[in-house]
Amino acid sequence: LRMRKSKQRQFFSETLPLILPANEPSNRSSLILIGGFALGLLADESAQDQVWSQELIDHVKQVQSIVVGMDDASCRRLATSLSEVFASITE
């Protein structure tokens, strides 16, 4: 993610386990929620850059449509990978 402020990266990493709890099966809505949550953080950070904001919205919509078409096993693998990536950021 293009989160420049470490405070926002930290907040995202701390919130990710609430969106994708390790002890619960991941579902499409949780994965889509991650995109919207990241969009909110990035939009706040890039409010003055309209071109970047539009590109970000376009990418989030693209991710949403991909996630909707994924099978359950792929959703679980994606959720696990995302959790591992963001866990390493906070270490």
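Is Q64 buried, partly exposed or exposed? In this predicted model, Q64 is partly exposed, because its relative accessible area is 27%. That value lies between the 20% limit for buried residues and the 50% limit for exposed ones. The residue sits in helix α3, which covers residues 50–68. A distant part of the sequence approaches it there. The C-alpha atoms of Q64 and I32 are 5.5 Å apart, although 32 residues separate the two along the chain.

The overall fold is described next. The chain contains four helices and zero strands. Its pattern along the sequence is α-α-α-α. The chain has 91 residues, and 30% of them count as buried. Its accessible surface comes to about 5900 Å². Carbon and sulfur atoms account for 57% of that surface. Contacts were also sorted by sequence separation. Among those with a separation of 6 or more, 68% join residues 24 or more positions apart.

The interior was examined through its nonpolar residues. In soluble globular proteins, nonpolar side chains tend to be buried together. The largest nonpolar core here has 12 residues. Its members are F12, L16, I19, L20, L31, I34, A38, L41, V67, M70, C75 and A79. Three helices each give two or more residues to this core: α1 (6–19), α2 and α4 (72–90). Helix α2 gives the most, with four residues.

One of the core members is L41. This leucine belongs to helix α2. L41 counts as buried because its relative accessibility is 12%, under the 20% limit. Its position also brings two separate stretches of sequence together in space. L41 and Q8 are 33 residues apart in sequence, yet their C-alpha atoms lie 6.7 Å apart.

Helix α2 spans residues 28–45 and also holds S30. Which class does S30 fall into, buried or exposed? S30 counts as buried, since its relative accessibility is 14%. Setting aside neighbours within four places in sequence, S30 is in contact with I19 and L20. Both of these partners, I19 and L20, are listed in the largest nonpolar core.

Charged side chains were considered next. How many salt bridges does the structure hold? The structure holds one. It joins the side chains of R28 and D72, with a distance of 3.1 Å from N to O. R28 lies in helix α2 and D72 in helix α4, so the pair ties together parts that are 44 residues apart in sequence. Neither partner is classed as buried. R28 is partly exposed, because its relative accessible area is 26%. D72 also counts as partly exposed, at 46% relative accessibility.

Helix α4 provides a further residue of interest, T80. With a relative accessible area of 43%, T80 is partly exposed. What distance separates the C-alpha atoms of T80 and L20? They are separated by 8.6 Å, while the two residues stand 60 places apart along the chain. L20 itself is a member of the largest nonpolar core, and L20 is also in contact with S30.

Taken together, these results outline an all-helical chain, with four helices and zero strands. Helix α2 recurs throughout the description. This helix gives four residues to the largest core, and it also holds S30 and L41. Its residue R28 meets D72 in the salt bridge.

Terms used
Residues numbered from 1 in each chain as written. Predicted model: local features only at pLDDT ≥ 70, side-chain atom pairs only at ≥ 80, totals over all residues. Heavy atoms only, no water. Buried < 20%, exposed > 50% of the residue type's maximum accessible area, 1.4 Å probe, protein only. Contact = heavy atoms within 4.5 Å. Core = buried A, V, L, I, M, F, W, Y, C linked by side-chain atoms within 4.5 Å. Salt bridge = Lys/Arg side-chain N within 4 Å of Asp/Glu carboxyl O. Areas by Shrake-Rupley, 256 points an atom, 1.4 Å probe, with all protein chains shown as cover.
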